[in-house]
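Visitor: I am new to this structure and would like to be walked through it slowly. Could you show it to me, and then take my questions in turn?

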Amino acid sequence: QVQLVESGGGLVQPGGSLRLSCAASGSIFSIGAMGWYRQAPGKQRELVAFITSGGTTNYQNSVKGRFTISRDNAKNTVYLQMNSLKPEDTAVYYCYAGRVLSAATRADYWGQGTQVTVSS
């Protein structure tokens, strides 16, 4: 019912910036929250940030002050601006959408994933 296409990953040096995009299509009226999880090799998937349909945002402690999640309602697109990137940010980033506003971290739909590599 909801399709997510994400883009914007790549290779960046420590201290650099990158912006991820996630465009939603389909039954977008049913979306209560959108955000990103990330998964590094050999590690468990972890929540990075989310934004609700009402505009509330939340962030993983390790990215607070460096990452900003925002949305463009006209384009049905959510963005993750990542600044001051660190090697430990290296992971595959997966966009998600959740139907239930009261469970904003629950992923009901997934993007295809995009690789972010922070290295000199």
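**Questions about a predicted model**

Guide: Let us start with a single residue in this predicted model: Asn-76 is placed in the loop between β7 and β8. Its phi is near 50°, a positive value in a residue other than glycine.

Visitor: Is Asn-76 buried, partly exposed or exposed?

Guide: Buried residues have under 20% relative accessible area and exposed ones over 50%, with partly exposed in between. Asn-76 has a relative accessible area of 30%, so the class for this residue is partly exposed.

Visitor: In which loop is Ser-84 placed?

Guide: Ser-84 also deserves a look, since phi of Ser-84 is near 50°, a positive value in a residue other than glycine. With a relative accessible area of 39%, Ser-84 is partly exposed. Its place is in the loop between β8 and β9.

Visitor: How many residues does the largest nonpolar core have?

Guide: The residues with the most contacts inside this core are Leu-4, Met-34, Trp-36, Leu-80, Met-82 and Tyr-93. Among the elements that give two or more residues to it are β1 (2–7), β3 (18–26), β4 (33–39) and β9 (91–98). A second, separate core of five residues includes Ala-33, Tyr-37, Phe-50 and Ala-104. The largest core, for its part, has 28 residues.

Visitor: How far apart in sequence are the parts that the pair of Cys-22 and Cys-95 ties together?

Guide: The count of disulfides comes to one, and this disulfide joins Cys-22 to Cys-95 with an S to S distance of 1.9 Å. Cys-22 lies in strand β3, whereas Cys-95 lies in strand β9, so the parts tied together are separated in sequence by 73 residues.

Visitor: Is that disulfide left-handed or right-handed?

Guide: Both partners, Cys-22 and Cys-95, are buried. The torsion about their S-S bond is about -85°, and therefore the disulfide is left-handed.

Visitor: To which residue's backbone nitrogen does the side chain of Glu-6 reach?

Guide: Glu-6 is found in strand β1, and although buried it has no salt bridge, for the nearest side chain of opposite charge, that of Arg-45, is 8.5 Å away. Leaving aside neighbours within four places in sequence, the residues in contact with Glu-6 include Ser-21, Cys-22, Trp-36, Tyr-93 and Gln-112. Its side chain does reach a backbone nitrogen, at 2.8 Å, and that nitrogen belongs to Cys-95.

Visitor: With which residue does Asp-89 form a salt bridge, and how many residues apart in sequence are the parts that this pair ties together?

Guide: The structure holds five salt bridges, and in one of them Asp-89 pairs with Arg-66, the closest N and O atoms being 2.8 Å apart. Asp-89 is buried, with a relative accessible area of 1%, and Arg-66 is buried too, with a relative accessible area of 10%. Because Asp-89 lies in the loop between β8 and β9 and Arg-66 in the loop between β6 (57–59) and β7, the parts that Asp-89 and its partner Arg-66 tie together are apart in sequence by 23 residues.

Visitor: Which residues form salt bridges with Asp-108?

Guide: Asp-108 counts as partly exposed, at 24% relative accessibility. One partner, partly exposed at 43% relative accessibility, has its closest atom pair with Asp-108 at 3.8 Å. The other partner is partly exposed as well, with a relative accessible area of 36%, and here the closest N and O atoms are 3.3 Å apart. In that order, the two partners are Arg-99 and Arg-106.

Visitor: Which residues are joined into one network by salt bridges that share partners?

Guide: The pair of Asp-89 and Arg-66, bridged at 2.8 Å, belongs to this network. The full set joined in this way is Arg-38, Glu-46, Arg-66 and Asp-89.

Visitor: The backbone oxygen of which residue lies 2.7 Å from a polar atom of the side chain of Tyr-96?

Guide: Tyr-96 is found in strand β9 and is buried, with a relative accessible area of 0%. Its C-alpha atom is separated by 18 Å from that of Leu-18, a residue 78 places away along the chain. The backbone oxygen that lies 2.7 Å from a polar atom of the Tyr-96 side chain is that of Ala-104.

Technical notes:
Residues numbered from 1 in each chain as written. Predicted model: local features only at pLDDT ≥ 70, side-chain atom pairs only at ≥ 80, totals over all residues. Heavy atoms only, no water. Core = buried A, V, L, I, M, F, W, Y, C linked by side-chain atoms within 4.5 Å. Buried < 20%, exposed > 50% of the residue type's maximum accessible area, 1.4 Å probe, protein only. Helix = DSSP H or I, 4+ residues; strand = E, 2+ residues; numbered from the N terminus. Disulfide = S-S within 2.5 Å. Lys, Arg positive; Asp, Glu negative; His and termini not counted. Salt bridge = Lys/Arg side-chain N within 4 Å of Asp/Glu carboxyl O. Polar contact = N/O pair within 3.5 Å; in protein donor to acceptor, adjacent residues only side chain to side chain. Contact = heavy atoms within 4.5 Å.
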